[in-house]
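Let's take a walk through this protein together, from its overall outline down to single residues. Have the viewer open as you read.

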Amino acid sequence: MSGLERPGKIIALHLNYPSRIAQRGRTPAHPSFFLKPTSSMAASGDVIERPAGTELLAYEGEVALIVGTRARRVTPEEGWASISGITAANDWGVYDLRLVDKGSNLRNKGGDGFTPLGPEVIPAASVDPTALRVRTWVNGVLKQDDTTADLVFPFGTLVADLSQLITLEPGDVILTGTPAGSSVAVPGDVVEVEVDAPTAPGAPSTGRLITRVVEGTTPFAEYGAKPHVDDLQRIEAWGDAETAGVTVPAPFVLTDELRDKLSSAAVATISAQLRKLGYPHASIDGVHPLVPGTKMIGVARTLRFVAHRPDLFESHGGGFNAQKQAFDSLAEGEVLVIEARGDATAGTVGDVLALRARTLGAAGIVTDGAARDSAAVAGIGIPTFAQAAHPSVLGRRHVPWEVDAAITCGGAAVVPGDVVVGDDDGVVVIPQRLVERVATGAADQEAEDAWVAARVSEGHPVDGLFPLNAEWRRRYQAWREEQA
């Protein structure tokens, strides 16, 4: 490799390109790094071995920065000036080995030959760091093509951030993240990465960094962790579920049809349907609507409070705490369910947060604790169910602790995504997989109960009619067929 020797350290960045961030579905607030062994370095033309027993060897074409001058506690502006050159890199990884790494990436990205660099170095002073291009080809087919124009973390920022704690020395290499298009390579594939500056004078280029994939033959020993693959790893390695051949269940949607069925059914009827299906503890006990006559239907989000303790409140009670995070992230049709351990001697929701929930289109609030400013909350217009009203702020009894975890509210387990229904009788929780069965069964039961009530109003005795005996069942079915 022209002008490039083995570095003292290789530092790699997790996410940087907006296209890759969109793929992953998570946006980092700050740069996040990991180390790669210098023994993983390879040259253009070398082979990479897919370890025996693995299937998900993935390429990641990247821009590699080569540190030219010692950098310690530099500014972002000084950071780029510390770079002497750039070259192409391929940050190879085996997703089958991620399980035991716990984020370190040592085994899955640190194998011999897993960091090819080169073949040529472009002088950093000759290019604009925001005008570089990185491309990757597999067997001659272009798979990655992006520029550094819109990086979340500019190169100077990466150097500055690292240099706060780590002295960067001449020859050190920083891998700066990969764009979308990273995927799996198999034995026999030829992967090429090129970095260039197409708008710079002379359009300098690193040339193509070539790696050939071969199959490993040495199995993993019993004393070490074995390769492990699941559908999540396949999706992340290949880039998407379709390419990975993984069927992803369609996300749950509380359709208008389901809402209509649940709306037509009393919570008591829904509770009976859940009991028939083996869920007798689905009611959130002890809660009542602040406004009688309220009907609430929505998809659960959750918030958990723990009992007050001064040190915990100091660390978790102030600022943009879990309570504020929960209310500020609600979406249309969601119900925030709050676990307050049944302690109604301090407020868990007040008028400002209730107003925020209503503004965001939330469908309701449920707490097995107390509502503060209860009259104001009731007047805001968002369905709110609480155990009681209390004037105290939450810090008297509670510490906001966790958002969107499984909780226990009023004796009922609630998982984010459950469907929550409330009326004057209280609130019930329906697991997602049962919603359609419960909604249909409850709607059918309401229709039957209405027909029975009509017969009772006509003067018929309830014996044999409630519940229906065989004869009354026959009459009811005949009536239903007439109505169809």
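Where is Arg73 found? Arg73 sits in the loop between E6 and helix H2 (76-81); helices (H or I, at least four residues) and strands (E, at least two) are DSSP runs, numbered from the N terminus. Its phi is near 55°, a positive value in a residue other than glycine. With a relative accessibility of 60%, Arg73 counts as exposed; the cut-offs are under 20% relative accessible area for buried, over 50% for exposed, and partly exposed in between (1.4 Å probe, protein chains only).

Before going further, a word on what you are looking at. This is a predicted model, in which local features need pLDDT of at least 70 and side-chain atom pairs count only at pLDDT 80 or more, while totals for chains, interfaces and linings use all residues. Residues are numbered from 1 along each chain as its sequence is written, and side-chain values use heavy atoms, with hydrogens and water left out.

Now zoom out. The protein has 14 helices and 28 strands. Its C-alpha trace spans about 100 × 50 × 50 Å along the principal axes. The radius of gyration is 30 Å, whereas a compact globule of 484 residues would have one near 23 Å; this radius is taken over C-alpha atoms, and the globule rule is 2.2 Å times the number of residues to the power 0.38. A pair of residues gives a feel for these dimensions: the C-alpha atoms of Gly171 and Leu465 are separated by 88 Å, with their positions 294 residues apart along the chain.

Of the 484 residues, 48% count as buried. The accessible surface comes to about 22,000 Å², and carbon and sulfur atoms hold 53% of that area; the areas come from the Shrake-Rupley method with a 1.4 Å probe, and for residues only the protein chains shown count as cover. Among contacts (heavy atoms within 4.5 Å) with a separation of 6 or more, 77% are between residues 24 or more positions apart.

What lies inside? In soluble globular proteins, nonpolar side chains tend to be buried together. Here a nonpolar core is a set of buried Ala, Val, Leu, Ile, Met, Phe, Trp, Tyr and Cys residues joined through side-chain atoms within 4.5 Å. The largest one has 31 residues, and Val63, Leu65, Trp80, Ile86, Val127, Phe155 and Leu168 touch the most other members. Two or more of its residues come from each of strand E1 (10-13), strand E6 (61-67), strand E7 (83-90), helix H4 (155-163) and strand E13 (190-196). H4 gives the largest share, five residues. To see how Phe155 is surrounded, look past its neighbours within four places in sequence: Phe155 is in contact with Val63, Leu65, Trp80, Pro129, Leu132, Thr148 and Thr176. Apart from this core lies another, of 21 residues, including Ala340, Ala354, Ala357 and Ile382.

Some loop residues deserve a closer look. Ser40 is in the loop between strand E2 (33-36) and strand E3 (41-42). Is Ser40 buried or exposed? Its relative accessibility is 0%, so Ser40 counts as buried. Beyond the residues within four places in sequence, Ser40 is in contact with Ile10, Gly110, Gly111, Asp112, Gly113, Phe114 and Thr115.

Gly171 occupies the loop between H4 and strand E12 (173-175). Gly171 is partly exposed because its relative accessibility is 21%. Not counting residues up to four places away in sequence, Gly171 touches Pro7, Ile66 and Val67.

Further along the chain, Leu434 lies in the loop between strand E28 (426-430) and helix H13 (435-457). At 2% relative accessibility, Leu434 is buried, and Leu434 touches Leu274, Leu277 and Tyr279, leaving out residues up to four places away in sequence.

Finally, turn to the backbone angles. Like the arginine at the start, Asp404 has a positive phi in a residue other than glycine, here near 60°. Asp404 is in the loop between strand E24 (398-403) and strand E25 (407-409) and is partly exposed, with a relative accessible area of 35%. The peptide bond from Gly118 to Pro119 is cis, with omega near 0°, and Pro119 belongs to strand E9 (residues 115-123). A cis peptide bond also joins Phe466 and Pro467, where omega is about 5°; Pro467 is in the loop between H13 and helix H14 (470-483).
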